[in-house]
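Subject: Handover of a structure and findings

Dear colleague,

Please find below the structure that I am handing over to you. My account of what was found in it follows directly after.

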Amino acid sequence: MKIRSERRETSMQYSDSILNTPSSFIRNILKVTDSADVISFAGGLPNPISFPIGQLKESVNHAIDESGAKVFQYSTTQGYLPLRQYIAEKYNKKQPDLDYTADDVLITTGSQQALELISKVLLNKGDGVIIEEPGYLGAIQAFTLREPTFHGVTLETEGINVAELKEALKKPNIKMVYTVPNFQNPTGLTYTQERRAEVYEAVKNEDIIFIEDDPYGELRFTGEHLPYIVAGKMENSVLLGSFSKTVAPGMRLGYMLTKNHEFLSHVETAKQASDLHTNIFVQYTLHHYLTNNTYEKHVEKIIALYKEQSDAMLTAMEKYFPPYVSYTKPEGGMFIWVTLPEGVNALEKFHEAMDQKVAFVPGNPFYTSKKEVNTMRLNYTNATPEIIEEGIKRLGEIL
C-alpha cells in the first residue's frame, strides 16, 4: 500500500518555505491505517478510554452557568489567568526551584502551536537549530517553515550526545536547542540525571533559547521523576507542556513557561497574528475540571493503563521479534523505538506490514537529513494487550 501525496501540479506560485516543508508523514499514514481491520501502532494517540467525558461534561455546563457570555467572548492573548496560575503552581509543586508565576505562562493552541510561534520569533532563513536525532516530527515540521539550518545531534540511551552538542554550539547563528527530555518522541528514551547535568554545563553560558518539550513527563510508570535540564536555572529556558496526553487531545490546550518576559512578549505578538487567543471556552472548562476533580488520581489511572500496554508490547516483542532486532524499554510515555539490522529499509518494511494489516511509523521523518533508515516507531497506548500481541506477532513474521 502506497501513501499518496496530496500535492498536485498547479500554476499557483507558492512560497518556497511551504513547498520545502513536508506534510506530516504520520498524518498521511493515519489516513491509510484507519480501516477497522488494520492493527495500527502508527499514531501517537492517547487511549480514548482515559478521557474523563462525564466530568468534562459537568465542567462545560458549569463554565456556561457560572461565567455566561464571558466564555463566548474574545479574550486576552496570554490566556485565562486562573488557568495560568494553576499551571505555574502545578510545576512549582513538582519542582520548587522553578518558582513560576502566572506571568511566566502563555496558553497556546496545543504545544504544537508553541513550537510554531517560537520559530516565528527566533528564526531567520539559515539560522541554526540544534535538534535531537532522531527528533520529534512536529518540531521538525514547525521549524522547517522558517527555513533554518538543522544541526542534528545523536540521541543516545542516556540523552543527547554532549560532545556533538558542544560542536554544534560552535556553528554560526545558533538560535535554539530543542529537546524532549522525558520519554522522547519518537524513541521513548529519557535523559539520565548525569546527562542532564552535562548538557546544562554545555549550554549554561550560551546566548540561546533552550527548549524542554515535556508533553509526556507526567506519564512515568517506572523510576523517579527527574528535574529539568535548564528550567529554573537559565532565564532563556522555555518549558512546553500540554493537557493533550492527560485530559483530552481534542481540546488543543498547551502552554509555555519562561522567565524571559521579553521573549514571551514577542511570542504573544506572534500569537496575536496567528489566532488572537486560544479557545477561551475550553480554558474555562479545563480550569473547572482541574480544580474540581482529582486530576492526580486521573493521571495515575492513565499511567497504570499505559504500563499494562507497554508491558504487553515488550513481552510480545521478546517473544516474536528475531534476536537481531533491538528496541528501547521506556520508563513512561507512549512509544518504543525499534532498530533493524544495518541496510534494512524500514519504509519498505512498512509496505510489507500494511499487506499484513499492521502499521507502524518508519523512522525516516524523524531525521532532518537521513532518507533510508533502519528504525521505526511503535505506539502502544491505543490498543488492548490482546491486539498488541497479535500486531507484534505479524510484525515479527515480517522482520
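The model is a predicted one. I begin at the surface, where Met12, Tyr14, Ile18 and Leu19 make a nonpolar patch of about 400 Å². Within this patch, tyrosine 14 belongs to the segment before α1 (16-19). Its relative accessibility is 45%, so tyrosine 14 counts as partly exposed.

The sheet

An open sheet of 8 strands, with mixed pairing, runs in the order β2-β9-β8-β7-β6-β3-β4-β5. The edges are held by β2 (105-109) and β5 (159-160); each has a single partner strand, and therefore one side of each is left without a neighbour in the sheet. As general background, strands of a sheet pair through backbone hydrogen bonds, in either a parallel or an antiparallel sense.

Strand β7 (residues 209-213) deserves separate attention. Is this strand enclosed by the rest of the structure or open, and why? Strand β7 is largely enclosed by the rest of the structure, because 5 of its 5 residues are buried. Ile209, Ile211 and Asp213 point one way from β7, while Phe210 and Glu212 point the other way, and all are buried.

Strand β7 runs parallel to strand β6 (residues 174-179), and 4 bridges join the two. In this pairing, threonine 179 stands opposite glutamate 212 of β7. Between these strands the chain passes through helix α8 (residues 193-203), and the resulting β-α-β crossover from β6 to β7 is right-handed.

Strand β7 also pairs with strand β8 (residues 237-242), again in the parallel sense and over 4 bridges. Here isoleucine 211 stands opposite valine 238 in β8, and glutamate 212 stands opposite leucine 239 in β8. Glutamate 212 thus has a residue opposite it in β6, threonine 179, as well as leucine 239 in β8.

Salt bridges

Side chains of opposite charge can pair when their charged atoms come close. How many salt bridges does a search of the whole structure find? The search finds 17, and I describe some of them here.

In one of them, the side chains of glutamate 218 and lysine 90 meet at 3.2 Å, N to O. This pair links distant parts of the chain, 128 residues apart: glutamate 218 is in the loop between β7 and β8, and lysine 90 is in helix α4 (residues 81-94). Both glutamate 218 and lysine 90 are buried.

Another salt bridge joins arginine 195 to glutamate 158, with the closest N and O atoms 3.9 Å apart. This pair, too, links distant parts of the chain, 37 residues apart: arginine 195 lies in helix α8, and glutamate 158 in the loop between β4 (149-156) and β5. Arginine 195 is buried, with a relative accessible area of 12%, whereas glutamate 158, at 34%, is partly exposed.

A further salt bridge is formed by the side chains of lysine 307 and aspartate 311, at 2.8 Å, N to O. Because they are 4 residues apart in helix α11 (residues 295-320), lysine 307 and aspartate 311 are separated by about one helical turn. Lysine 307 counts as partly exposed at 34% relative accessibility, and aspartate 311 counts as partly exposed at 33%.

Finally, Glu156, Glu158, Arg195 and Glu198 are joined into one network by salt bridges that share partners.

Yours sincerely

Notes. Residues are numbered from 1 along each chain as its sequence is written. This is a predicted model: local features need pLDDT of at least 70, side-chain atom pairs count only at pLDDT 80 or more; totals for chains, interfaces and linings use all residues. Side-chain values use heavy atoms; hydrogens and water are left out. Patches are made of residues with over 30% relative accessible area and no salt bridge: like charges are joined within 9 Å, nonpolar side chains (Val, Leu, Ile, Met, Phe, Trp, Tyr) within 5 Å. Accessible areas come from the Shrake-Rupley method with a 1.4 Å probe; for residues, only the protein chains shown count as cover. A salt bridge is a side-chain nitrogen of Lys or Arg within 4 Å of a carboxyl oxygen of Asp or Glu. Buried means under 20% relative accessible area, exposed over 50%, partly exposed in between (1.4 Å probe, protein chains only). Two strands pair if DSSP finds at least two bridges between them. A crossover is right-handed if, with the strands pointing away from the viewer, the path from the first strand over the helix to the second runs clockwise.
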